[in-house]
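Visitor: I have a model open and would like to learn how to read it. Where do we begin?

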Amino acid sequence: MPEVYLQVALDVPLQRTFDYRLEGESPIPGLRVIVPFGRQLLCGVIIKVNSEFAGTAGLKVEQLKLVQQVLHDMPPLPRHVLALCRFCSDYYAWPLGQVIAAALPGAFRQPQPWQGGKELSWYAATDTQALVQQIPARAHRQRALADLLAAPRSLDEIRALSASATGWLKAWQEQGLVTEVDAPMPAHGAPVTPELPALTDEQRVVLEQLNAADGFAPFLLFGVTGSGKTEVYLRAIEQRLAAGGQVLVLIPEINLTPQLEARFKARFPEELMVSLHSGLADGERTRNWLLAAQGRARIVLGTRLAVFAPMPDLALIVVDEEHDLSYRQQEGFRYSARDVAVYRAHQASVPVILGSATPSMESWRNMRESRYRLLTLTQRAITGAKPPQIQLLSTQQLRLFDGLTQNAINAMRETLGQGGQVLVFINRRGYAPVLACHECGWIASCKRCTARLVLHREDRRLRCHHCGWESSPPAHCPDCGNADLQPLGFGTQRLEETLAGMFPDTPPLRIDRDNTRRKGSLDAMLQQIHKGEAQLLVGTQMMAKGHDFANLQLVVVLNADAGLFSLDFRAQERLYALLLQVAGRAGRAGQPGKVLIQTRYHDDPFYPMLISGDYAAFADRTLQERKATALPPYSTWAMLRAEAKDLQRAMAFLREVRERWRGFSGLHMAQPVPALMVRKAGWERAQVLISAQRRPALQAALREMLEQLGAEKHPGVRWALDVDPVDV
Ligand code: ADP
Ligand code: ZN
Ligand code: ZN
């Protein structure tokens with residue numbers, strides 16, 4: 001038997017591939033294999049096939065283990081996806097096998113063949129007449145199935161006919177009367193729906209440039225909220241689909257998929273579209289991924305993990321709300337889906353559109369330095385829709401009634417009286433962020449995190465929003481026995497209670513992560529809002545993103561200040577984006593919207609920049625500051641993070657690492673410091689900032705660290721490299 005030698009990437013924390021022997025035909029790289037590894041079986045992906053064994057790491061051919069099985073349950077990962085994974089492995093200093101594993105749906109990470117494949121199959125009669133002839137005369141439903149199978153049918157359609165349908169199908173298949181066929185491809189070129197809005201002049205200019213783009217072309221679509229960016233995406237997508245391409249659309253939040261999906265379906269009724277996000281059941285995600293990989297799905301709409309979906313005919317990538325932090329994977333293999341998308345577009349030679357009303361500083365710099373082309377939409381698309389007026393209410397000068405200023409209360413009363421909708425925005429869920437004892441100063445805190453416990457009144461629980469730990473609130477202060485424990489501060493639940501008292505005729509509707517966990521509950525609430533059944537809304541940033549409420553006329557923002565004085569140098573940029581996004585909800589359909597921001601710091605120079613709505617000026621100024629202080633994007637950063645059961649252990653590990661690499665040419669390693677939130681979920685955390693003027697120096701150092709540290713044992717310490725960290 002011929003023998004070949006495979007280089008296999010395995011999902012293990014080592015920066016190397018592994019060699020195996022295979023007897024038989026040479027398989028295609030990108031296929032899955034099951035291989036022995038130590039005492040277990042692992043699933044890996046073939047990176048390279050050699051007919052001679054090169055003899056790496058002093059191994060002899062006889063020592064190589066045999067591949068147990070080559071799997072054919074998915075098309076081999078195409079070369080461009082493998083190259084994308086390789087790029088990510090180098091750029092983010094993360095083992096290749098683990099990058100590839102992250103790119104695959106869960107079912108393909110298991111060392112066993114995927115059983116759900118037949119769900120994807122289509123069937124048709126080989127000879128309808130012969131099939132019909134052998135069906136007993138009175139078996140009407142079998143007859144109906146036979147008729148159905150005159151054309152290719154999916155398993156779903158077949159099952160829908162009768163509970164016994166799959167049994168008959170199997171029997172007929174064995175007799176050769178029915179066979180598996182390719183799925184029919186939907187016709188290209190969606191029919192033009194008559195009610196398409198006429199493009200605005202600005203939209204037309206933008207589209208001309210997008211449609212003329214050929215090969216790799218990165219665009220920054222900078223458009224105010226409601227300026228018709230989504231409409232622009234739809235038109236650009238339409239053009240690429242008509243030319244036979246597949247389109248990848250990335251969005252930051254799962255919550256937004258249902259609405260966008262509906263908008264896309266309505267626009268492209270003939271095209272097969274799939275979604276890819278972590279909220280899907282495993283089987284569905286695997287099927288959708290396969291449909292993309294087979295080129296059957298023409299539109300892939302997904303969150304960050306979709307950026308790795310194989311798409312043979314990829315012709316355009318759209319990254320909506322490109323500044324959004326959700327694009328950043330913060331655990332395990334840490335990557336920015338936005339940045340990976342740009343690299344992918346480069347590699348696939350296709351245009352990529354990064355859309356935002358508040359672009360990230362990284363993208364803004366790339367645009368200013370002409371690496372990205374700027375496209376702008378300055379006007380709201382609906383005629384007459386005006387940007388909202390923003391007004392500050394100083395909580396230093398004005399009295400507060402249950403956390404609200406009289407001006408805010410009056411404005412709310414007026415808007416509600418005129419039948420308009422009001423949103424009160426507070427970026428904190430729960431009832432109160434603090435439960436305290438006024439006698440001795442005790443505060444309910446999490447034992448596993450450096451964090452306070454949040455009081456949730458509905459189910460009377462104290463919860464840690466960082467690790468999920470919970471308990472019932474103590475009846476007495478655990479330190480002094482005082483029975484009068486007081487909630488301090490406001491969360492959405494308390495605000496809801498307060499507003500219910502203030503406005504008894506308009507019951508508030510609260511929307512936050514706590515009451516939208518059940519599938520479909522968010523949708524139901526959004527429907528209520530759209531139908532005008534809820535007039536007074538209370539919500540967190542979940543409400544801020546993407547939703548389009550025609551009758552929302554007033555937004556009141558509470559507790560905006562936290563972002564102004566954060567230690568994080570990106571805090572203002574985020575606050576700007578958040579406030580603008582919240583403000584953007586108001587006044588979308590004709591009526592002017594009004595936004596009231598309650599703040600203690602009404603004098604801060606940040607606010608005039610926000611009120612003017614001139615994000616470009618804010619971004620230019622911010623970039624100048626970053627340049628002057630050599631902060632990202634003007635220097636490249638990585639964070640080496642370590643955690644252990646006690647802080648000293650983590651710090652000692654980092655100190656040792658620093659000693660070993662601090663002399664690396666072109667590299668600067670800061671002193672190890674405890675993380676801002678030292679304890680999290682029972683682990684104590686510390687970090688070292690690694691920076692460099694030039695990325696190659698940083699990458700070379702990180703590669704070395706990954707290889708050496710990965711091969712060593714550091715008992716009791718968990719460590720990870722975080723390249724381009726967003727929380728520092
Ligand atoms: P964005 O994505 O920038 O927030 P959208 O594409 O969602 O903006 O557009 C905002 C609103 O304006 C939507 O209700 C959309 O249907 C409408 N719209 C977009 N383009 C046009 C246009 N050219 N004419 C009329 N209405 C438009
Ligand atoms: Zn006490
Ligand atoms: Zn905790």
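Guide: Start with ligand 1. This is a predicted model. Ligand 1 has 17 residues around it, and Ala198, Gln203, Gly226, Lys229 and Thr230 come nearest.

Visitor: Which atoms of alanine 198 and ligand 1 lie 2.8 Å apart?

Guide: On the protein side, a backbone N or O atom of alanine 198; on the other, a nitrogen atom of ligand 1. Glutamine 203 uses its side chain instead: a polar atom there lies 2.7 Å from a nitrogen atom of ligand 1. Glycine 226 brings in a polar backbone atom, 2.9 Å from an oxygen atom of ligand 1. Now the surface: the protein buries 79% of the 560 Å² that ligand 1 exposes when taken alone.

Visitor: Which helix gives the most residues to the shell around ligand 1?

Guide: Helix H8, residues 229–242, with 3 residues.

Visitor: On to the metals. How do I read the geometry of a zinc site?

Guide: List the donors, then check the angles. For four tetrahedral donors the ideal angle is 109.5 degrees. The zinc ion (ligand 2) is coordinated by the SG atoms of Cys437, Cys440, Cys477 and Cys480, at 2.3 to 2.4 Å. Angles among the 4 donor atoms run from 103 to 115°, and the site is tetrahedral.

Visitor: How are the donor residues of the zinc ion (ligand 2) spaced in sequence?

Guide: The pattern is C-x2-C-x36-C-x2-C. Cysteine 437 sits in strand E20 (residues 434–437), while cysteine 477 is in the loop between strands E23 (470–471) and E24 (485–488), so this pair ties together parts 40 residues apart in sequence. Cysteine 437 and cysteine 477 are both buried.

Visitor: What are the protein donors of the zinc ion (ligand 3)?

Guide: Cys446, Cys449, Cys464 and Cys467, each through SG, at 2.2 to 2.3 Å. The arrangement at ligand 3 is tetrahedral because the 4 donor atoms subtend angles of 105 to 113°. Spacing for ligand 3 reads C-x2-C-x14-C-x2-C. Cysteine 446 and cysteine 449 are both buried.

Visitor: Next, burial. Why is helix H12 described as largely enclosed?

Guide: Count its buried residues, taking buried as under 20% relative accessible area. In H12 (residues 361–368), 6 of the 8 residues are buried, so the rest of the structure largely encloses this helix. Those buried are Met361, Ser363, Trp364, Arg365, Asn366 and Met367.

Visitor: What covers the buried residues of H12?

Guide: The cover includes strands E9 (217–223), E14 (351–356) and E15 (373–377). Helices H11 (337–348), H16 (571–583) and H18 (615–628) are also part of that cover. Check the backbone too: just after H12, serine 370 takes a positive phi of about 65°.

Visitor: And single residues? Is threonine 492 buried or exposed?

Guide: Buried, at a relative accessible area of 0%. Threonine 492 lies in helix H14, residues 492–502. Setting aside neighbours within four places in sequence, its contacts include Ile426, Arg428, Arg510, Asp512 and Val538.

Visitor: How does tryptophan 719 count by its relative accessibility?

Guide: As partly exposed, because its value is 22%. Tryptophan 719 belongs to strand E33, residues 718–723. Beyond neighbours within four places in sequence, tryptophan 719 is in contact with residues including Leu640, Phe653, Leu706 and Leu709.

Visitor: What separates the C-alpha atoms of tryptophan 719 and arginine 685?

Guide: A distance of 9.6 Å, with the two positions 34 residues apart along the chain.

How values were computed: Residues are numbered from 1 along each chain as its sequence is written. Chains are lettered from A and ligands numbered from 1 in the order in which they are written. This is a predicted model: local features need pLDDT of at least 70, side-chain atom pairs count only at pLDDT 80 or more; totals for chains, interfaces and linings use all residues. Side-chain values use heavy atoms; hydrogens and water are left out. Buried means under 20% relative accessible area, exposed over 50%, partly exposed in between (1.4 Å probe, protein chains only). Helices (H or I, at least four residues) and strands (E, at least two) are DSSP runs, numbered from the N terminus. Contact means heavy atoms within 4.5 Å. Donors are N, O and S atoms within 2.8 Å of the metal (3.2 Å for Na, K and Ca); water is not among the atoms, so sites may look incomplete. Four donors count as tetrahedral if all angles lie between 85 and 135 degrees; four count as square planar and six as octahedral if opposite donors are over 155 degrees apart and all others between 65 and 115; anything else is irregular. A residue is near a molecule or strand if one of its heavy atoms lies within 4 Å of it. A polar contact is a pair of N or O atoms within 3.5 Å; within protein, one must be able to donate a hydrogen and the other to accept it, and residues adjacent in sequence count only if both atoms are side-chain atoms. Accessible areas come from the Shrake-Rupley method with a 1.4 Å probe; for residues, only the protein chains shown count as cover.
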